[in-house]
Amino acid sequence: MSINSELHVVFGAGPLGLAVMRELVACGKPVRMVNRRGQAKVPAGVAVVQADASDPASARQACKEASVVYNCIGVDYTKWVELWPAIMDGIIAGAASANAKLVFGDNLYMYGPVSGPMTEDLPYVATTRKGRVRAQIATTLMEAHTSGKVRATIGRGSDFYGPGALVTAVGERVFPQALSGKAASVFGNLDMPHTYTYIEDFGRGLVTLGEHDEALGEVWHIPNAETLTTRQFLELVFEEAGTPFKVSVMPKVMVSILALFVPVLREMKEMLYEFEEAFIVDHGKFERAFVANPTPHRQAIRQTLDWFHQKTG
């Protein structure tokens, strides 16, 4: 099949889905975006269709003629346990009906607290609600691959930032504040190393997995720029913004109090361990198998600031 006869179907038109779409368009590949509204800001030539990923019949229709399907859906943080299993089942059914490869853009919650760098062979020992559901859906996908139902692979990224990435650990509470000279608002220990994923690198990594059959049946950590402490990362943001470094760290006790009244903080509370201890991702497996050329943080931060400036300007 030639490049121009391929069809790449992307479920989810949030930051990750759009990053995958941009990489595919840059490679000259036809793209169909899928979300519940059937609307998204995309370049001319990119199709957008409405579908309910949790409905297998709807997902099958959206996946018609696909060669590669990407699961990049962003689910409301407060509804993961309720919604994710049916979404994964639906997209598996859709990709299988088209005999398409399925690439899942995953995170790192299923490992739980880890001592040392995270590698793909770690057991799924998370005790948090969201960690357990991520373990459940990843296991469902790999079992579907093993049984021959669908050809699948998983690419995992850490807390991401970049164009369109608003509701993240270093998104709308960091970049706009730096541009306006206000204090960034973050959680946890600023001086612990924490791997941050640039959203464009995440998108490019998932497309790479979709291009290579040797990626199938495996879990891969997407390449990231060097791991910095959160303080070092934030200092780069303010340097590039040209404003004095200011940061406000929400105390854990305050998170606990606010969590009683704010649902998203209630969900975030159980994940605070990621920011209180070292959180380091090892992408050596990906680098050995494919080309790993992550965007340097300073360049990625500059591009992210440009996006936020245009959004607010």
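No disulfides are present in this structure, which is a predicted model. A disulfide is a covalent bond between the sulfur atoms of two cysteines. A look at Cys63 and Cys72 shows how this applies here. The cysteine sulfur closest to that of Cys63 belongs to Cys72, and because the separation is 12 Å, it is too far for a bond. Seen from the other side, the sulfur of Cys72 likewise has its closest cysteine sulfur in Cys63, at 12 Å, whereas a disulfide requires the two sulfur atoms to lie within 2.5 Å. As for their surroundings, Cys63 has a relative accessibility of 0% and therefore counts as buried. Cys72 is buried as well, with a relative accessible area of 6%.

Turning to the fold as a whole, the protein chain contains twelve helices and 13 strands. For its 313 residues, a compact globule would be expected to have a radius of gyration near 20 Å, and the value of 19 Å found for the protein chain agrees with this. The C-alpha trace extends over about 55 × 40 × 40 Å along its principal axes. Among contacts with a separation of 6 or more, 74% link residues 24 or more positions apart.

Burial and surface complete the picture. Of the 313 residues in the protein chain, 50% are buried. The chain exposes about 13,800 Å², and 53% of this area comes from carbon and sulfur atoms. Charges number 30 positive and 33 negative, and their mean positions lie 6 Å apart.

Technical notes:
Residues numbered from 1 in each chain as written. Predicted model: local features only at pLDDT ≥ 70, side-chain atom pairs only at ≥ 80, totals over all residues. Heavy atoms only, no water. Helix = DSSP H or I, 4+ residues; strand = E, 2+ residues; numbered from the N terminus. Rg over C-alpha atoms; globule rule 2.2 N^0.38 Å. Buried < 20%, exposed > 50% of the residue type's maximum accessible area, 1.4 Å probe, protein only. Contact = heavy atoms within 4.5 Å. Areas by Shrake-Rupley, 256 points an atom, 1.4 Å probe, with all protein chains shown as cover. Lys, Arg positive; Asp, Glu negative; His and termini not counted. Charge placed at Lys NZ, Arg CZ, Asp CG, Glu CD.
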